[in-house]
Amino acid sequence: VMAVTVNKLFNDGCTLQVLHPQQFDQGLWAICEAMEKFFGCLVGTNSYITPPNSQGLAPHYDDVEVFVMQIEGTKAWKLYKPIFELPREHSGDLEEDEIGDIWMEVTLQQGDFLYFPRGVIHQARTSSTLSNHITLSNYQRWSFYEYLTQALPLALDHAFNTNPLFRTGLPINFLKFSGTQYNMLLKENTEKKDINNNNNNNNSKDKK
């Protein structure tokens, strides 16, 4: 991309996004390394440089935990409660009528730090000066779901290869009675409650 094109887009209100700036800054690299050691998962970074009186992105939610560091200028953030808690996918752009009422408003000054979890809807806008903030993110595809989708097949393969029980045939017509044990217990408990209620009603009548 030509520098003149970047300058024109920036002057027109577009935000400049720099991917993986830790590749160019040792201090930021050290922060990522420390966070990865602490959380035990990958940490990514992006830098967002937004011109004055502009908004780089429409309201949206992310599939990562978000840590915002305000490097230069100020930026006003609006946060909204999740419409889907701890999502696995990024939402894409959301309309204003989809996101509900504002949950929290905060203006970040140079040196401020903001955290919000996966799924929190957010949007941010600059004031009369440009803004540069760095977003650190983690926990992308790092949940019990991802762990179990990897671990359970391996565990089942091991069980199949080492335990003959997992290689035996299924009972005849097992689908006809799968889950009936729970239904029987539920029915039994319901019947017991009905009997107790009847006994209590009878005792009340006798006292009268």
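**Exercise 1. Start at Asn46 and find out what strand 8 pairs with.**

Solution. Let's begin with one residue pair: Asn46 stands opposite Thr135 in strand 8. Keep in mind that this is a predicted model.

Step 1: widen the view from that pair. Strand 2, residues 43-50, pairs with strand 8 in the antiparallel sense, over 8 bridges.

Step 2: look for another partner. Strand 3 is joined to strand 8 by 7 bridges, and these two run antiparallel. Here Glu65 is the residue that stands opposite Asn138 in strand 8.

**Exercise 2. Decide whether strand 8 is enclosed or open.**

Solution. Step 1: recall the cut-off, since buried means under 20% relative accessible area.

Step 2: go through residues 131-138. 8 of the 8 residues of strand 8 are buried, so the rest of the structure largely encloses this strand.

Step 3: check each face. On one side you'll find Ser131, His133, Thr135 and Ser137, and on the other Asn132, Ile134, Leu136 and Asn138, all buried. Both faces of strand 8 are covered, then.

**Exercise 3. Work out the surroundings of Glu65.**

Solution. Step 1: place the residue. Glu65 lies in strand 3.

Step 2: is Glu65 buried or exposed? Its relative accessibility is 9%, so Glu65 counts as buried.

Step 3: look for a side-chain partner. The side chains of Glu65 and Tyr115 are joined by a polar contact of 2.4 Å.

Step 4: list other neighbours. Leaving out residues up to four places away in sequence, Glu65 touches, among others, Leu86, Phe116, Pro117 and Arg118. Leu136, Ser137 and Asn138 are also among the residues it touches.

**Exercise 4. Track down the largest nonpolar core.**

Solution. Step 1: name the members. This core has 10 residues: Val64, Val66, Val68, Trp77, Leu79, Leu108, Leu114, Phe116, Val120 and Ala124.

Step 2: see which strands contribute. Strand 3 (65-72), strand 4 (75-80) and strand 6 (113-116) each give at least two residues to this core.

Step 3: zoom in on one member. Beyond its neighbours within four places in sequence, Val68 is in contact with residues including Trp77, Leu108, Leu114 and Phe116, as well as His133, Ile134 and Thr135.

Step 4: look elsewhere. Another core lies apart, with 8 residues that include Met35, Val43, Met69 and Leu136.

**Exercise 5. Describe the largest pocket.**

Solution. Step 1: give its volume, about 670 Å³.

Step 2: find the lining. Of 33 lining residues, Asn46, Tyr48, Asp62, Val64 and Thr135 lie nearest the centre.

Step 3: ask which strand supplies the largest share of the lining. That's strand 2, with 6 residues.

Terms used:
Residues numbered from 1 in each chain as written. Predicted model: local features only at pLDDT ≥ 70, side-chain atom pairs only at ≥ 80, totals over all residues. Heavy atoms only, no water. Core = buried A, V, L, I, M, F, W, Y, C linked by side-chain atoms within 4.5 Å. Buried < 20%, exposed > 50% of the residue type's maximum accessible area, 1.4 Å probe, protein only. Helix = DSSP H or I, 4+ residues; strand = E, 2+ residues; numbered from the N terminus. Contact = heavy atoms within 4.5 Å. Pairing = 2+ DSSP bridges. Polar contact = N/O pair within 3.5 Å; in protein donor to acceptor, adjacent residues only side chain to side chain. 1 Å grid on protein atoms, 1.4 Å probe; cavity = no way out; pocket = protein on both sides within 12 Å on 5 of 7 lines; lining within 4 Å. Points joined across faces, edges and corners; volume = space filled by probe spheres on them.
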